[in-house]
Amino acid sequence: LDYLNIDRPIQSLSGGEAQRLRIASQLVSDLCSLTYVLDEPTVGLHPRDTEKLLKTISQLKENGNTIIMVEHDMEVIKNADHIIDLGPKAGANGGEIIAQGNIEEIKKSEDSITGKYLNQEIIIPVSKAQLQTGIQIKAAHAHNLKDIELKIPSGGMVAISGVSGSGKSSLVFDVIGKSFKSGKAENCEFISFENINSLSIMDQQSIGTSPLSNCATYTGIFEDIRDLFAKEPEAKTKGFKKSHFSFNSKDGSCPACKGMGKNKVPMDFLSDVWVSCETCD
């Protein structure tokens with residue numbers, strides 16, 4: 001991440017940059033005998049950056065740590081000391097260990113779909129779409145962007161690629177996203193949207209505004225549940241209102257954990273640890 005300025009706000013970093021920042025902080029701690037679990041750390045990375053990440057992970061291993069990774073990237077699979085291939089398919093058709101061992105053992109497995117891709121017995125077909133005029137941008141200049149001019153077609157699936165820090169997230173979120181939302185050119189001199197009626201932004205931010213949110217709060221069902229509880233005879237006897245059945249309300253939440261059910265214990269060199277609240281259990 002040597003291309004980042006020291007005064008760069010954390011919230012302006014891409015999801016991949018934030019994740020690698022966490023890995024980098026582990027390297028300087030020199031801790032050993034830990035188990036690191038990484039969930040697809042190469043997602044969104046340029047192949048050049050994947051090589052750097054593998055060197056970083058190897059350094060963690062050499063320090064005496066264990067690294068467990070969920071990955072689909074071929075280079076990561078090839079560099080793994082031990083591979084566990086799950087399948088054979090997804091959902092109800094998965095959940096079995098198809099093959100395990102080193103790269104050569106996975107390649108020799110007749111049941112492993114991963115092995116067939118590694119042997120290039122299966123190749124992903126690529127189809128080309130007829131694209132139309134789409135977004136035109138002049139002098140885009142957010143963060144690392146150097147007054148670039150480009151045309152992005154519509155009517156197909158378009159990928160913005162490049163090495164880490166080249167300005168992909170800045171172009172998509174700070175130029176295109178902000179300009180469409182405000183209805184004027186943001187972080188650029190000119191932008192036009194042809195054949196595009198709406199724009200949906202899906203980033204790595206949490207869906208809910210509160211860490212207490214769950215499936216019931218997302219769907220609005222919890223509103224009905226609170227109404228139901230407040231109507232119960234026992235609730236009426238105790239003078240409980242609708243707010244008494246909310247995690248976010250002082251009336252209903254435990255004062256010790258503020259409705260979380262757990263308390264956070266900060267760790268200097270590691271991720272914070274959550275422990276069950278001793279007051280409300």
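Here are some short exercises on this structure, each with a worked solution.

This is a predicted model, in which local features need pLDDT of at least 70, side-chain atom pairs count only at pLDDT 80 or more, and totals for chains, interfaces and linings use all residues. Residues are numbered from 1 along each chain as its sequence is written, and side-chain values use heavy atoms, with hydrogens and water left out.

**Exercise 1. Work out which face of helix α2 is buried, and what it packs against.**

Start with the length. Helices here are DSSP runs of H or I with at least four residues, strands are runs of E with at least two, and both are numbered from the N terminus. Helix α2 covers residues 47-62, and at 1.5 Å a residue its 16 residues should span 22 Å. (The expected span is 1.5 Å times one less than the number of residues.) The end C-alpha atoms of α2 are 23 Å apart, which agrees.

Next, pick out the buried residues (buried is under 20% relative accessible area, exposed over 50%, partly exposed in between, with a 1.4 Å probe and protein chains only). In α2 these are Asp49, Thr50, Leu53, Leu54, Thr56, Ile57 and Leu60. Looking down the axis, they fall within an arc of 165 degrees, so they line one face of the helix. That arc is taken from the directions from the helix axis to the C-beta atoms.

Now flip to the face turned away from the buried side: there you'll find Lys55 and Glu62, both exposed.

Finally, see what the buried residues pack against: α1 (15-27), β1 (35-39), β2 (66-70) and α3 (74-79). Contact means heavy atoms within 4.5 Å. After the helix comes Gly64, with a positive phi near 100 degrees.

**Exercise 2. Describe the surroundings of Gly101.**

First, place it: Gly101 lies in strand β4, residues 96-101. Then check accessibility: at 4%, Gly101 counts as buried. Leaving out residues up to four places away in sequence, Gly101 touches His82, Ile83 and Ile106. As for Asp85, it is 16 residues from Gly101 along the chain, and their C-alpha atoms are separated by 8.9 Å.

**Exercise 3. Find out how the rings of Phe240 and Phe245 are arranged.**

Rings of Phe, Tyr and Trp (its six-membered ring) pair if their centres lie within 6.5 Å; planes under 30 degrees apart are stacked, over 60 edge-to-face, and the rest tilted. The structure holds three aromatic pairs. In one of them, Phe240 and Phe245 have ring centres 6.1 Å apart and planes at 80 degrees, so the pair is edge-to-face. Phe240 is partly exposed at 33%, and so is Phe245 at 22%. To finish, widen the view: ring pairs link Phe229, Phe240 and Phe245 into a cluster.

**Exercise 4. Explain why Cys277 has no disulfide bond to Cys280.**

A disulfide is a covalent bond between the sulfur atoms of two cysteines. Here the cut-off is a pair of cysteine sulfur atoms within 2.5 Å. The closest cysteine sulfur to that of Cys277 belongs to Cys280, and at 3.8 Å it is too far for a bond. Cys280 is in no disulfide either, with its nearest cysteine sulfur, that of Cys257, 3.8 Å away. A search of the whole structure finds zero disulfides. Last, compare accessibility: Cys277 is buried at 1%, while Cys280 is partly exposed at 40%.
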